[in-house]
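Got your viewer open? Let's take a short walk, one selection at a time.

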Amino acid sequence: MFDAVIIGGGPAGASCALWLKMLGFRPCIVERRPVLGGLGNDNPYPNQWIAPIRDKTGIEIAAEVDRHMRDHDIVCRTGEAVTELEVVPGGFRITTATGEMVMGRACVLATGVRPVKGGFTASENIIIGPGQTLFNADFEGRSVAILGGGDNAFENYIFVRKRGAARVTLFARTIRARREFLEKVPPADVRIGPYPVEPDLPAVAGERFERFLVLYGWEPYLPYARHLSLARDARGFVETSLDCETSVPNLYAIGEIAQRMHPCCVTSMADGVVAAKAIQRTLEQDAVARFAERVRRAAADAAPTSVHKPRIK
């Protein structure tokens, strides 16, 4: 049995595993991808938001995460999707798609998020979510509809324009993008309000397009935990205490699955540290109590016994 099983090997899960290892525990990462690094493996863009790292793409950072874990001899079961998570006496049992079982005294949910599909099916002309597929797509001379009103939608409007699209229109029910992007998108190319989509034509609000980008944001990825009584918010993200513990004792949720104020690589790693320290406190409670008892016994054994001499009258 491992001290903690961490489901998901992105920045959050890797950070948690590393800290547990450095604190003297035995963690295990179970990751469905063949490599660690999470969504970074789908991100070909340079990440300029991490203070000690410069000019590295998400893919390069993900590779560093994978290398770091293996250099520390952390047990990493990659290429194994978790199909079921159960609470059992003494901890948790994780079952993978291959039928393998992994046991842990504590368990950490770090499987992150997936793009919201919005009822669409991905195809050559319907791209769901940002990442490698969008980056590799050909937009030269094409008409493109972008569905969504957040940062990803506005940022990819700029990207698609730079890739030579002939016409780009952004459809948003509400606008949530930051000012930097709003200043770079012409208002004439934005439609605000409800918009009917006809993917078979394909068309949006009666306008024909050759390619759709569906950028509706993110949703938590928890297919293995449907039967657990986890407290969640209205959007399905896991609710936690300040130390990242869920409503199930000794079960923690970290990173984007818990929807922090600003989910990103750095805040996910911070979550991993918080959970690792909380697990340390829990696992060491019994050890501290046992050690204190041994100290008391040793002190009692070392105490001199009093010798009573008979009085001489």
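Start by selecting Cys 16 and Cys 244: their sulfurs are 8.6 Å apart, and no cysteine sulfur is closer to that of Cys 16, so this is too far for a bond. A disulfide here means two cysteine sulfur atoms within 2.5 Å, and the structure holds zero of them. From the other side, the sulfur nearest to that of Cys 244 belongs to Cys 16.

A word on the ground rules: this is a predicted model, where local features need pLDDT of at least 70 and side-chain atom pairs count only at pLDDT 80 or more, while totals for chains, interfaces and linings use all residues. Residues are numbered from 1 along each chain as its sequence is written, and side-chain values use heavy atoms, leaving out hydrogens and water.

Now colour by accessibility. Cys 16 counts as buried because its relative accessibility is 0% (buried means under 20% relative accessible area, with a 1.4 Å probe and protein chains only). Cys 244 is buried too, at 1%.

Next, select Ser 15, in helix α1 (residues 11–22); helices are DSSP runs of H or I, at least four residues, numbered from the N terminus. With 9% relative accessibility, Ser 15 is also buried. Skipping residues up to four places away in sequence, Ser 15 touches Met 269, Gly 272 and Val 273, contact being heavy atoms within 4.5 Å.

Last stop: Ile 254. Leaving aside neighbours within four places in sequence, its contacts include Cys 16, Cys 244 and Gly 272.

How values were computed:
Helices (H or I, at least four residues) and strands (E, at least two) are DSSP runs, numbered from the N terminus. Buried means under 20% relative accessible area, exposed over 50%, partly exposed in between (1.4 Å probe, protein chains only).
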